[in-house]
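Work through these exercises with the structure open beside you. Try each task before you read its solution.

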Amino acid sequence: MSQNKTEAGTGRKENIIAEARRDREFREKTYRERALKLFPHVCGKCGREFTGRKLKELTVHHRDHNHDNNPPDGSNWELLCIYCHDNEHSRYLDAEWYGVETPGGEKQAPSAHKPFEGLETLLKVKKLPLT
Ligand SMILES: [Zn+2]
Ligand SMILES: [Zn+2]
């Protein structure tokens, strides 16, 4: 009896995407955990409470929409559920929701926003081919 071992070489692309996502999630996790310690686990908009497994639906929103502004007292954070958070950002198409960092505090006019700019920046940072 021989065991049939197959090593699949698939999922490489998924791995790269997963890695980039993990990277971002890790960054978000650090202040998310702090925010969850500071605030009650309630959505600041709809007032729903999140416990146990549901807790991952609660996300940290930056009041000034600046991802890099993370004061330890949590004054720039607001806990929002994923639905309210999405709703909040569909009104302000800004960098925070897409994880784009603007170097040097450079301000971009909203009209100059391109939908794929965030992806391009992400790929450049991770030095990935654009194909
Ligand atoms: Zn909500
Ligand atoms: Zn937000």
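**Exercise 1. Decide whether Asn 66 is buried, partly exposed or exposed.**

Step 1. Take the value for this predicted model. Asn 66 has a relative accessibility of 33%.
Step 2. Apply the cut-offs: buried is under 20%, exposed is over 50%, and partly exposed is in between.
Step 3. At 33%, Asn 66 therefore counts as partly exposed.
Step 4. Locate the residue. Asn 66 sits in the loop between strand 1 and strand 2.

**Exercise 2. Do the same for Asn 76, then list what Asn 76 touches.**

Step 1. Find the place. Asn 76 is in the loop between strand 1 and strand 2.
Step 2. Read its relative accessible area, which is 5%. Asn 76 is therefore buried.
Step 3. Leave out residues up to four places away in sequence. Asn 76 then touches His 61, His 62, Arg 63, Asp 64, Asn 66, Asn 69 and Pro 71.
Step 4. Pick Asn 66 from that list. Asn 66 and Asn 76 are ten residues apart along the chain, and 8.7 Å separates their C-alpha atoms.

**Exercise 3. Describe how strand 1 is placed and paired.**

Step 1. Sort the side chains by direction. Leu 58, Val 60 and His 62 point one way from strand 1. Thr 59 and His 61 point the other way.
Step 2. Recall the general pattern. In a regular strand, side chains alternate between the two faces of the sheet.
Step 3. Check burial. Five of the five residues of strand 1 are buried, so the rest of the structure largely encloses this strand.
Step 4. Find the partner. Strand 1 pairs with strand 2 in the antiparallel sense, over five bridges. Thr 59 stands opposite Leu 80 of strand 2.

**Exercise 4. Which residues are the protein donors of the zinc ion (ligand 1), and what arrangement do the donor atoms make?**

Step 1. Name the donors. They are the SG atoms of Cys 43, Cys 46, Cys 81 and Cys 84, lying 2.3 to 2.4 Å from the zinc ion.
Step 2. Write their spacing in sequence: C-x2-C-x34-C-x2-C.
Step 3. Look at the angles. The four donor atoms subtend 101 to 118° around the zinc ion. Tetrahedral requires all angles to lie between 85 and 135 degrees. The arrangement is therefore tetrahedral.
Step 4. See what is joined. Cys 43 lies in the loop between helix 1 (12-38) and strand 1 (58-62), while Cys 81 lies in strand 2 (residues 77-81). The pair therefore ties together parts that are 38 residues apart in sequence.
Step 5. Compare exposure. Cys 43, at 3% relative accessibility, counts as buried. So does Cys 81, at 1%. Cys 46, at 40%, counts as partly exposed.
Step 6. Count disulfides. The total is zero.

**Exercise 5. What does Cys 81 touch, not counting residues up to four places away in sequence?**

Step 1. Start with the cysteines: the contacts include Cys 43 and Cys 46.
Step 2. Add Arg 48, Phe 50, Glu 57, Leu 58 and Thr 59.
Step 3. Take one more distance. Cys 81 and His 41 are 40 residues apart in sequence, and 9.6 Å apart from C-alpha to C-alpha.

**Exercise 6. Where does the model have its highest and lowest mean pLDDT among the elements of the chain?**

Step 1. Begin with the whole chain. The average pLDDT is 76, and 60% of the residues score at least 70.
Step 2. Go to the elements. Strand 2 has the highest mean, 97, and helix 3 (residues 95-98) the lowest, 52.
Step 3. Look at residues 100-109. Their pLDDT is below 50. This stretch has seven contacts in the model beyond near neighbours in sequence.

Notes
Residues numbered from 1 in each chain as written. Chains lettered and ligands numbered in written order. Predicted model: local features only at pLDDT ≥ 70, side-chain atom pairs only at ≥ 80, totals over all residues. Heavy atoms only, no water. Donors = N, O, S within 2.8 Å, 3.2 Å for Na, K, Ca; no water. Tetrahedral: all angles 85-135°; square planar, octahedral: opposite > 155°, others 65-115°. Helix = DSSP H or I, 4+ residues; strand = E, 2+ residues; numbered from the N terminus. Buried < 20%, exposed > 50% of the residue type's maximum accessible area, 1.4 Å probe, protein only. Disulfide = S-S within 2.5 Å. pLDDT = per-residue confidence, 0-100. Contact = heavy atoms within 4.5 Å. Pairing = 2+ DSSP bridges.
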